[in-house]
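Please load the model in your viewer and keep the selection tool at hand. The tour below goes from one selection to the next and says what is found at each stop.

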Amino acid sequence: MKYRLEYIEKQGRFYHRINAGNAFGHSLHRALDVFHNAGGAANVSAEELAASLDSVWVGGVGKGFAAAEQEAAFREEGMRILTEYHAARVTQTAPVTPVEGEEEVILPPPPHLLFTEKTLRIDLTPDVALSGRVDRVDEHHDGALEIVDYKSGRETVEEEDVSRSLALNIYQTLLKAKMPDRRVFATLVALRTGAQASHEQTEDARTELLAECTETGETLRNKDWEGVLPVLNEHCPYCDFLPHCTRWWKKNKIHDS
Ligand code: SF4
C-alpha cells in the first residue's frame, strides 16, 4: 500500500513529514559531504567542521523539532559527533612515529575520496532499473572501492549489520556493475560513537540479489494496484501515510477506527 501511495499515486508530497531524527541525520550527512569534498581533515579544522553544521542545518521548530530546546540539544550533539569524527580522521591519517629499537610500521596511504552523495543506476531489463544513492565512496591504494554509509541514530555496528543491509548490498551490486574489475566492499559508520564495520558482498550474493530485484521489479510493474488495500500492520504507527489509511479504514468501517 505504501508503494502504491508513494510511486503509483504519488501522494508522498501531501504526507511526508520531517521529524527530529531525520532532520538531524540529514544535517550531519550534509556537513560530512561538505567536509570530505573540501579535502577532509587536511584542509578543514575540527572547529570549522563543527561550525559548518550551522550553515547546512535542516529543520527548525515546527519543521522537525518540537521545541527550541530539543533543536539546541540535537545541534549540540551534532557538534560533538563532528568534532570526534574529525579527531578520528586525524588519527587515521597521522604518520606513525617510529619507536627506537622497534621495527618501523609502514601503513598504507589513506584512501582518497572518489565521490559523495551520488545516485548509481543500472538497467536490469529494458523496463526495470535498479538505483541507489551512496553517501560516499573511497578509493584505496590497491584499487579497492569502499562504500561508506553514515548512520546518525545508532551507536554500535557489527559486520552482520552490513552483510544483511539491503541498501548496502544494492550499493555494492551497483558499484560492482559499474566497475567490475575493482574489489568493492561496504562500511557502515555509527556516527554517535564512531564505531564501524565492513563487509564484502560475494559473487553469489550479488547474483542472487540481481535476480531478486529483477523479479521484484517485474512484480511491481505487473501488479493490480487497484486491488492493493491498506492492512493494519506493525509498521503503521511509524508510517507517514497513516492518516490516509485511517481515513480509508473509517470510510470502509474497518478496525472500528
Ligand atoms: S499506514 Fe500502514 S497500511 Fe497504510 S501505507 Fe502505511 S504501513 Fe501501509
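## A hairpin to begin with

Select strand S6 (residues 184-190) together with S7, and you will find two strands that run antiparallel and are joined by five bridges. This is a predicted model, and what follows should be read with that in mind. Within this pair, Val 189 has Gln 196 of S7 as its bridge partner. Four residues lie between the strands of the S6 and S7 hairpin, and here Gly 194 takes a positive phi near 85°.

## The sheet

Now extend the selection to the open sheet, whose five strands follow the order S3-S4-S5-S6-S7 with mixed pairing. Its edges are strand S3 (112-123) and strand S7 (195-199), each of which pairs on one side only. From one strand to the next, the twist averages 35°.

At the S3 side, look at the pairing with strand S4 (residues 129-139), which is antiparallel and extends over ten bridges. A convenient pair of residues to label there is Asp 123 and Ala 129, the latter in S4, which stand opposite one another. Next, add helix H3 (residues 20-37), which packs on the sheet and touches S3, S4 and strand S5 (145-151), while the direction of H3 makes about 120° with that of S3.

## The two domains

Colour the chain by domain, with domain 1 covering 12-93 and domain 2 covering 112-221. The C-alpha centres of domain 1 and domain 2 are 23 Å apart, and the contact draws 13 residues from domain 1 and eleven residues from domain 2. On the side of domain 1 that touches domain 2, the elements giving two or more residues are H3 and helix H5 (68-93), and H3 supplies the largest share of that side, nine residues. Colouring this side of domain 1 by class would show six nonpolar, five polar and two charged residues.

## Arg 221

Centre the view on Arg 221, which is placed in helix H8 (residues 203-222). Is this residue buried or exposed? Arg 221 is exposed, because there are 10 other C-beta atoms within 10 Å, and a residue counts as exposed with 12 or fewer. Once neighbours within four places in sequence are left aside, Arg 221 is in contact with Asp 127 and Val 128. A distance drawn from C-alpha to C-alpha between Arg 221 and Val 128 gives 8.3 Å, although the two are 93 residues apart in sequence.

## The ligand

Select the ligand and display the residues that surround it: Met 1, Lys 2, Leu 5, Pro 230, Val 231, Asn 233, His 235, Cys 236, Cys 239, Phe 241, Leu 242 and Cys 245. The elements that contribute two or more residues to this shell are helix H1 (2-8) and helix H9 (242-251). Sorted by class, the shell around the ligand has nine nonpolar residues, two polar and one charged.

## The whole chain

Finally, zoom out until the chain is in view, with its nine helices and seven strands. Along the principal axes, the C-alpha atoms of the chain fill a box of roughly 80 × 50 × 25 Å. If you colour the 257 residues by burial, 19% of them count as buried. A contact map would add that, among contacts between residues at least 6 apart in sequence, 67% join residues at least 24 apart.

Methods:
Residues are numbered from 1 along each chain as its sequence is written. This is a predicted model: local features need pLDDT of at least 70, side-chain atom pairs count only at pLDDT 80 or more; totals for chains, interfaces and linings use all residues. A residue is near a molecule or strand if its C-beta atom, placed from the backbone, lies within 6 Å of it. Ala, Val, Leu, Ile, Met, Phe, Trp, Tyr, Cys and Pro count as nonpolar, Asp, Glu, Lys and Arg as charged, and the others, Gly among them, as polar. Two strands pair if DSSP finds at least two bridges between them. Axes are lines fitted to C-alpha atoms, for helices over the stretch in contact, and angles run from 0 to 180 degrees between N-to-C directions. Two residues are in contact if their C-beta atoms, placed from the backbone, lie within 7 Å. A residue is buried if 20 or more other C-beta atoms lie within 10 Å of its own, exposed if 12 or fewer, and partly exposed in between; C-beta atoms are placed from the backbone. Domain bounds come from an automatic or database domain assignment.
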